[in-house]
Amino acid sequence: PLGDTPEQNEQFARSRAQAVIFYLIGQGIDGNRLLEGYLKPQFPGSTDENQLRQDRRVVFTLVQTGGR
């Protein structure tokens, strides 16, 4: 959110990541398969809505365990 300190931004990002994880668990994904993380904003302090939209993102990395 605009005007927040870097620490507040980090907490906001962590909360967003947790919300996504809780949603996925609610959809039946085993929580043990999920790792939480967050990305620092690409455009800190921006007032441009397009840049702000780009900073509201979720990134997934899919991995396969136990061979091929």
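**Figure 1. Helix 1 supplies the largest share of the lining of the largest pocket, 10 residues.** The model shown is predicted. Helix 1 covers residues 6-26 and helix 2 covers residues 49-55; each of them supplies at least two residues of this lining. The pocket has a volume of about 1300 Å³. Of its 40 lining residues, A17, G37, Y38, V58 and V59 are the closest to the centre. By residue class, the lining divides into 23 nonpolar, eight polar and nine charged residues. Rolling a probe the size of a water molecule over the atoms shows where empty space is left.

**Figure 2. E10 and R14 form a salt bridge through their side chains.** The N to O distance is 3.2 Å. Both residues belong to helix 1, and because they are four residues apart there, about one helical turn separates them. E10 has a relative accessible area of 29% and is partly exposed. R14 is also partly exposed, with a relative accessible area of 31%. Side chains of opposite charge can pair when their charged atoms come close. A search of the whole structure finds two salt bridges; the other is in the next view.

**Figure 3. E49 and R53 form a salt bridge in helix 2.** Here the side chains meet with an N to O distance of 4.0 Å. E49 and R53 are four residues apart in the helix, so they are separated by about one helical turn. The relative accessible area of E49 is 39%, which makes this residue partly exposed. R53 counts as partly exposed as well, at 46% relative accessibility.

**Figure 4. V58, F60 and L62 make up a nonpolar patch on the surface.** Together the three residues have about 360 Å² of accessible area. V58 is located in the segment after helix 2. With a relative accessible area of 42%, V58 is partly exposed. V58 also appears in the pocket view, where it is among the lining residues closest to the pocket centre.

**Figure 5. G37 sits in the loop between helix 1 and helix 2.** This glycine is partly exposed, and its relative accessible area is 47%. Along the chain, G37 and R14 are 23 residues apart, while their C-alpha atoms are separated by 7.0 Å. R14 is the salt-bridge partner of E10. G37 is also one of the lining residues closest to the centre of the largest pocket.

**Figure 6. L39 is placed in the loop between helix 1 and helix 2.** L39 has a relative accessible area of 44% and is partly exposed. The distance from L39 to L52, C-alpha to C-alpha, is 13 Å, and the two leucines are 13 residues apart in sequence. Residue 52 falls within the span of helix 2, 49-55.

**Figure 7. D4 belongs to the segment before helix 1.** At 30% relative accessibility, D4 is counted as partly exposed. D4 and P44 are 40 residues apart along the chain, and 9.5 Å separates their C-alpha atoms.

Technical notes: Residues are numbered from 1 along each chain as its sequence is written. This is a predicted model: local features need pLDDT of at least 70, side-chain atom pairs count only at pLDDT 80 or more; totals for chains, interfaces and linings use all residues. Side-chain values use heavy atoms; hydrogens and water are left out. On a 1 Å grid over the protein atoms alone, a cavity is a set of points where a 1.4 Å probe fits but cannot get out, and a pocket is an open set with protein on both sides within 12 Å along at least five of seven lines; lining residues have an atom within 4 Å of a point. Grid points are joined across faces, edges and corners, and a volume is the space filled by probe spheres set on the points. Ala, Val, Leu, Ile, Met, Phe, Trp, Tyr, Cys and Pro count as nonpolar, Asp, Glu, Lys and Arg as charged, and the others, Gly among them, as polar. Buried means under 20% relative accessible area, exposed over 50%, partly exposed in between (1.4 Å probe, protein chains only). Patches are made of residues with over 30% relative accessible area and no salt bridge: like charges are joined within 9 Å, nonpolar side chains (Val, Leu, Ile, Met, Phe, Trp, Tyr) within 5 Å. Accessible areas come from the Shrake-Rupley method with a 1.4 Å probe; for residues, only the protein chains shown count as cover.
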